[in-house]
Amino acid sequence: MTATVDVRAPSRVRRAEQVLLTVLGLLVLRYSVAVLSPVHLVPPLDPNVWGFTAISVVAATAIAMRGDRTDPTRRGWRFVALGVLVLGAANLVYAWPANPAADNELDVAADFIAVLGMLPVVHGLGSLVWAWTPIRDRTELPDAILVGLSVFAVATSLLSHGLDGASRGSLASMAVNDLGVLVDIVVVALIVAALQAADWPRRGPLPWLLGAGLAMAGTDGAYLVAIAHGSYVPGGAIDVGWPVTGLLLTIASQSQAAPTGSTWPIAQRAPLVMPTVLVAAVAAVLVIPDVGPMRWLARTAAVLAVAFAALRMHIAVRQALGLATELREARLDPRTGLPNRRALLALQERELRGSTLVILAIDGVEDVTARHGVATGEAVVTAIVARLRMDLRGADTVLRLGEDEFALVLRDVPAQAVAHLAEALVERIEQPLEIAGHSLSVSACAGIAEPAGNHPSPERLLAEASMALRAAQASGGGIVRAFTGQVGPTSEERLRMRRAIRGAFHADAEAFVPYYQPIVDLTDGSILALEALVRWHVDGHVLAPAAFLQEIARADAMPALTMHMLTRSLRELRGAGLDLPVTVNVPPDLVDASLATMVQGAVRTSGSQPRHLIVEVTEDAIIADPQRGASVLAGLRSDGVRVLLDDFGTGWSGLSLLRDFPLDGIKLDASFAAPMWADPTTTTIVRGIAGVAAELGLLVIHEGIETDEHVAAFRAHGVRYVQGFACGRPMPIADLVRWCSLHAESNGTAP
Ligand code: C2E
Ligand code: CA
Ligand code: CA
């Protein structure tokens with residue numbers, strides 16, 4: 001029952017209904033006592049003639065009165081009331097103390113009137129049941145039909161067995177009586193079907209109706225059987241059934257629709273329990289030898305019920321298969337049929353033990369699609385998958401994690417071999433492809449997560465490989481960067497690394513190469529500055545800072561690295577004729593009195609000018625000793641070198657930092673970038689910070705702008721300066737020079 005319309009009539013009517021119901025109850029009681037008691041406890045008043053008639057009239061009145069004009073079920077109930085009245089009349093005819101000669105004809109006439117009375121009852125109940133039956137999904141209707149048919153089959157079979165071997169009366173009376181009971185059974189089947197569809201509500205009219213229906217069908221059936229066997233005694237126990245039916249029917253008409261969700265205790269299992277029980281009963285009908293006049297009807301209904309059960313099973317199996325497919329598909333990339341990110345995350349730890357995860361990011365597919373169409377783009381993807389599969393063994397898996405991201409799960413491959421394999425894969429993917437007459441090429445880079453410990457969770461492997469991949473991308477692409485994640489390099493590896501670092505600085509430190517990432521002004525596309533990010537070229541690899549900065553610090557080489565980066569980047573830019581400032585990262589430890597000397601030295605040796613240099617420091621550098629920090633920064637600025645506060649928003653300090661320290665600008669950490677358009681709170685915070693900074697006359701640079709959508713969103717928020725992959729990746733000086741001239745061309749400005 002979905003709607004909980006309050007069908008309660010105004011209280012006066014309601015009270016009248018209650019009075020009627022009480023009177024009815026008393027009448028039924030009196031009638032039952034009169035009929036059932038061996039001695040006459042109540043005054044002689046022919047219960048069959050007057051008792052039942054009075055009950056019918058009171059019941060019909062109560063039923064007809066229920067509800068007010070707005071009640072949608074009122075019409076249905078009025079039909080029921082009419083039927084009850086006609087049934088009362090039928091009884092009057094039946095029990096009329098006529099002369100014995102005419103009695104038989106009168107009986108047949110009474111039965112006929114009774115069947116006529118059934119018509120409005122069936123019509124009324126039918127419309128009520130229909131109004132109360134919510135069909136919410138496509139299994140509910142078949143379920144309802146299944147239980148209805150089963151009830152019909154079982155009841156008809158019972159009736160048929162009861163009538164077996166009985167001598168039947170005249171054809172007319174037989175037809176009329178049989179029909180009456182069959183209609184009863186249909187009504188019960190309908191009610192059961194409605195109950196099934198409504199998930200077996202515990203309260204409301206339907207359970208009472210079921211009671212009334214069962215009482216009616218039971219009484220009519222018993223009466224029919226008794227008549228056929230010549231054992232019917234007027235005024236006997238059977239006769240109590242009809243008044244009780246009337247009482248139950250009246251109670252049903254007075255009861256409120258059950259509120260949604262109220263169910264029988266079997267509620268949750270009901271949708272399955274009832275069909276199952278009933279199908280078992282139907283099976284019994286088919287097994288027990290069928291006898292009696294209605295055996296064909298019972299058998300046909302039983303066969304139909306079984307057919308419906310089969311259909312229902314078919315639907316259930318199809319639903320299950322559909323679900324299985326959906327589930328499977330959710331773990332497969334629909335384009336390539338490869339397992340996807342979800343499949344990777346669903347892997348068990350034991351399946352991953354000893355496995356290495358390699359993630360490959362492909363760059364350029366989008367470009368191909370934009371230029372040559374979707375079909376060509378997809379052909380490129382297919383070709384890439386084929387190339388990825390070339391060298392794999394049976395135990396290895398290829399996955400597609402995203403549009404342009406693939407992964408390999410390699411089992412028990414030594415670390416050295418993994419690096420070679422990944423490099424070979426990148427090389428192979430970058431080979432030109434011949435598709436639809438075009439020679440196309442894409443670029444790739446890879447991140448590797450090596451097996452860590454006995455419990456490699458897929459999340460952790462994925463996170464580590466993604467980190468490695470980012471590092472590879474940040475170093476310009478095409479390069480494999482192995483990350484050992486939390487486990488970290490072994491002490492032996494660290495020792496080797498430290499030795500290599502010392503060696504590199506002992507020589508001319510040329511292995512530490514600045515890669516430059518542009519900071520772009522969104523308002524006119526011009527370049528505000530370039531951030532110099534260090535890369536270590538070692539053993540044919542390009543390592544990102546995450547892989548070695550810690551070891552640099554341990555090797556006490558931080559000052560050397562910083563001096564090297566300052567000098568080299570200033571010199572390279574000057575050498576390339578780029579009149580742009582460069583930002584250099586200065587670690588907290590170096591923000592002390594000697595920094596000014598170091599910076600002046602770098603500017604001097606590189607033949608550059610202080611205005612070309614911007615120093616990036618983090619808040620750690622100044623909050624440890626604010627006074628010293630402030631004086632160091634002030635010194636730098638008085639020399640003409642500008643200062644940016646890096647990674648702003650990740651630390652503990654607040655906006656007062658911006659007021660109390662001599663700064664030229666802040667860089668808002670990349671972690672604020674992604675939620676900027678998804679999360680209004682972040683947007684508010686970021687805009688607030690940016691607003692305060694701008695008020696104080698500070699530059700505000702947003703880091704981590706990865707995609708064109710980010711750019712559009714930031715532009716829409718009125719953001720001016722941004723840095724990120726969307727504008728340009730960190731690149732060595734030669735690439736930077738090319739990039740700058742291309743950028744100037746497309747932007748219509750001189751570099
Ligand atoms: P940082 O100063 O916050 O530098 C920005 C980092 O974000 C760089 O990583 C850059 O490649 C990366 N990045 C740029 N655009 C995007 C983007 O759109 N998305 C994402 N996810 N990342 C982006 P990188 O080069 O690996 O540097 C990492 C950190 O290492 C730097 O963080 C900086 O703290 C430190 N570092 C880099 N070079 C030097 C250096 O020469 N000296 C010192 N002391 N530290 C350095
Ligand atoms: Ca920085
Ligand atoms: Ca930063």
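**Exercise 1. Helix α8.** Determine which residues of α8 are buried and how the length of the helix compares with expectation.

*Solution.* Begin with burial, where buried means under 20% relative accessible area, exposed over 50%, and partly exposed in between, with a 1.4 Å probe and protein chains only. By this criterion the buried residues of α8 are Gly241, Trp242, Pro243, Thr245, Gly246, Leu247, Leu248, Leu249, Thr250, Ala252, Ser253 and Gln254. Because these make up 12 of the 14 residues, α8 is largely enclosed by the rest of the structure. Next take the length: α8 covers residues 241-254, and the distance from its first C-alpha to its last is 20 Å, close to the 20 Å expected at 1.5 Å a residue. That expectation is 1.5 Å times one less than the number of residues, and helices here are DSSP runs of H or I with at least four residues, strands being runs of E with at least two, both numbered from the N terminus.

The model is predicted, so local features need pLDDT of at least 70 and side-chain atom pairs count only at pLDDT 80 or more, whereas totals for chains, interfaces and linings use all residues. Residues are numbered from 1 along each chain as its sequence is written, chains are lettered from A and ligands numbered from 1 in the order in which they are written, and side-chain values use heavy atoms, with hydrogens and water left out.

**Exercise 2. The calcium ions.** Work out which residues coordinate ligand 2 and ligand 3, and which residue bridges the two ions.

*Solution.* Donors are N, O and S atoms within 2.8 Å of the metal, or 3.2 Å for Na, K and Ca, and since water is not among the atoms, sites may look incomplete. Start with the calcium ion (ligand 2), which is coordinated at 2.1 to 2.4 Å by Glu531 (OE), Asn585 (OD1), Glu616 (OE) and Asp646 (OD). Among these donors, Asn585 in strand β11 (residues 582-585) and Asp646 in strand β13 are 61 residues apart, a pair that links distant parts of the chain. Asn585 counts as partly exposed at 29% relative accessibility, while Asp646, at 8%, counts as buried.

Turn then to the calcium ion (ligand 3), whose donors at 2.2 to 2.6 Å come from Asp646 (OD), Asp647 (OD) and Glu703, the last listed with two OE entries. Along the chain these donors follow the spacing D-D-x55-E. Asp647 is partly exposed at 27% relative accessibility, and Glu703 is buried at 13%. Finally, Asp646 coordinates both ions, which are 4.0 Å apart.

**Exercise 3. Ligand 1.** Describe the residues around ligand 1 and its polar contacts.

*Solution.* A residue is near a molecule if one of its heavy atoms lies within 4 Å of it; of the 21 residues around ligand 1, Gln517, Arg535, Asp646, Glu706 and Phe725 come nearest. The element giving the most to this shell is β9, with 4 residues. For the polar contacts, pairs of N or O atoms within 3.5 Å, consider the nitrogen atoms of the ligand: one is 2.8 Å from an N or O atom in the side chain of Gln517, and a nitrogen atom is 3.1 Å from a polar backbone atom of Val534. An oxygen atom of ligand 1, in turn, lies 2.7 Å from a backbone N or O atom of Phe725. The protein covers 81% of the 790 Å² of accessible area that ligand 1 has on its own, by the Shrake-Rupley method with a 1.4 Å probe.

Notes: A polar contact is a pair of N or O atoms within 3.5 Å; within protein, one must be able to donate a hydrogen and the other to accept it, and residues adjacent in sequence count only if both atoms are side-chain atoms.
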